[in-house]
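Got your viewer open? Load the model and follow along, one selection at a time.

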Amino acid sequence: MQKNKTRLTAAEIASLWTSYMNDSMAKCILGFMIKDLEDKEIKGAVQFAYDLSVAHLKKLVKFFQQSELPLPDGFSENDVNMSAPWLFSDIFCLTYINHMARTGLISYGGFLSMSTREDICEYFTNGLQETAVLFNKSNKIAISKGLLARHPYIETPPVTEYIDSKSYLSGLNPLYNKRPLNAIEISHLYMNVMTNAIGVNLSLSFAQTSTVKEVSDFMLRGAGIANKHIKIFTEILLQNDIPTPRLPDVSVSNSVTQTFSDKLMMFHMSLISAAGTGNYATAAAASQRSDLAMNYERLSIEIAKYAKTGADIMIKHHWMEKPPGTKDRKKLAQNKNSY
């Protein structure tokens, strides 16, 4: 078909490559979760997420083959030990797919906005719709079981108001009282508490099942950072008499059997670190109180340093797959002239 004769753009190649890496990782994790799930509703939702990943991978392989692009190694059955004992509770699995669906909505929206070829746009549009179904499905189950950490209710103002002073944007001066949080700021603080809570449990599960001390230490450091950020955001909410999220008991088992490859676990941590940085950037831009924006910027730097350590570990052990890129033209010219 004519639409397939158009070459892929750099953005489309990047989006397809990233999607393949993410879905191949998700297939491993979700496949392992399914075998030990007991709750039928939760198992059905995780199975739905798993089936989406499998279907996506089949379509992605065709895109790579049609464009004569090398297929990424990604992750396979070699990266998961299906005979390992259970690691995640049913509630954790439900919370996990809800969180990953939320991240997927942002990712698919970004991939779609960067794509132009008709079939690629159609693929990411369908991916966005399917991920929305998964998000709504996991939300519905969590609500029915009383597990969803709802954002707080606030008293709505009786009339429309306008900001009448620059002090509304302040918050750094210790000599002045900070104004109360607005709805936008509350929503981002709440969301970042919940996403960090997922990060804590995931990091701990990876730390206890890794056979490489360097990786275990890295995961424990990640859990510490996430707990620290939760405390900061929670204190801000409490200072404004806003109740903190009542998080479900997303426990993990005491298993120390290696479940996932260190390569997969390190990739997953780089993925959630990138998502966390994006969340903080969005929150900083949306928050009008200067102390909040400063907090998000400061904490983003901490995540960036953590991610850099993770990248160094992955490169050291040859676990980091290189995305498709252009050739170094200067190096080619220099090599040519050396002959």
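Select Asp-312 first: with 38% relative accessibility it counts as partly exposed, since that class lies between 20% and 50%. Keep in mind that this is a predicted model. Now add Lys-308, whose side chain meets that of Asp-312 in a salt bridge, 2.9 Å from N to O. Both sit in helix 8, four residues apart, or about one turn of the helix. Lys-308 is partly exposed too, because its relative accessibility is 48%.

Next, show the whole of helix 8, residues 290-316. Its 27 residues should span 39 Å at 1.5 Å a residue, and the end C-alpha atoms are indeed 39 Å apart. Which helices do its buried residues pack against? Colour helix 5 (183-209), helix 6 (213-239) and helix 7 (262-286) to see them. Among those buried residues are Leu-292, Tyr-296, Ile-303 and Met-314. Just past the helix, stop at His-318, which has a positive phi of about 60 degrees.

Go to the other end for Arg-289 and Asp-291, a salt bridge with its closest N and O atoms 2.9 Å apart. Arg-289 counts as buried at 1% relative accessibility, and Asp-291 does as well, at 10%.

Jump to Lys-145, in the loop between helix 4 and helix 5, and Glu-41, in helix 2; the pair is 104 residues apart. Their side chains form a salt bridge at 3.2 Å, N to O. Add Asp-39 to complete a salt-bridge network with these two.

Last stop: Ile-97, which touches Leu-30, Val-46 and Leu-134, among others. Ile-97 is one of the residues touching the most other members in the largest nonpolar core, which has 65 residues. Helix 1 gives the most to this core, 13 residues.

Key
Residues are numbered from 1 along each chain as its sequence is written. This is a predicted model: local features need pLDDT of at least 70, side-chain atom pairs count only at pLDDT 80 or more; totals for chains, interfaces and linings use all residues. Side-chain values use heavy atoms; hydrogens and water are left out. Helices (H or I, at least four residues) and strands (E, at least two) are DSSP runs, numbered from the N terminus. The expected span of a helix is 1.5 Å times one less than its number of residues. Buried means under 20% relative accessible area, exposed over 50%, partly exposed in between (1.4 Å probe, protein chains only). Contact means heavy atoms within 4.5 Å. A nonpolar core is a set of buried Ala, Val, Leu, Ile, Met, Phe, Trp, Tyr and Cys residues joined through side-chain atoms within 4.5 Å. A salt bridge is a side-chain nitrogen of Lys or Arg within 4 Å of a carboxyl oxygen of Asp or Glu. Lists of a residue's contacts leave out its neighbours within four places in sequence.
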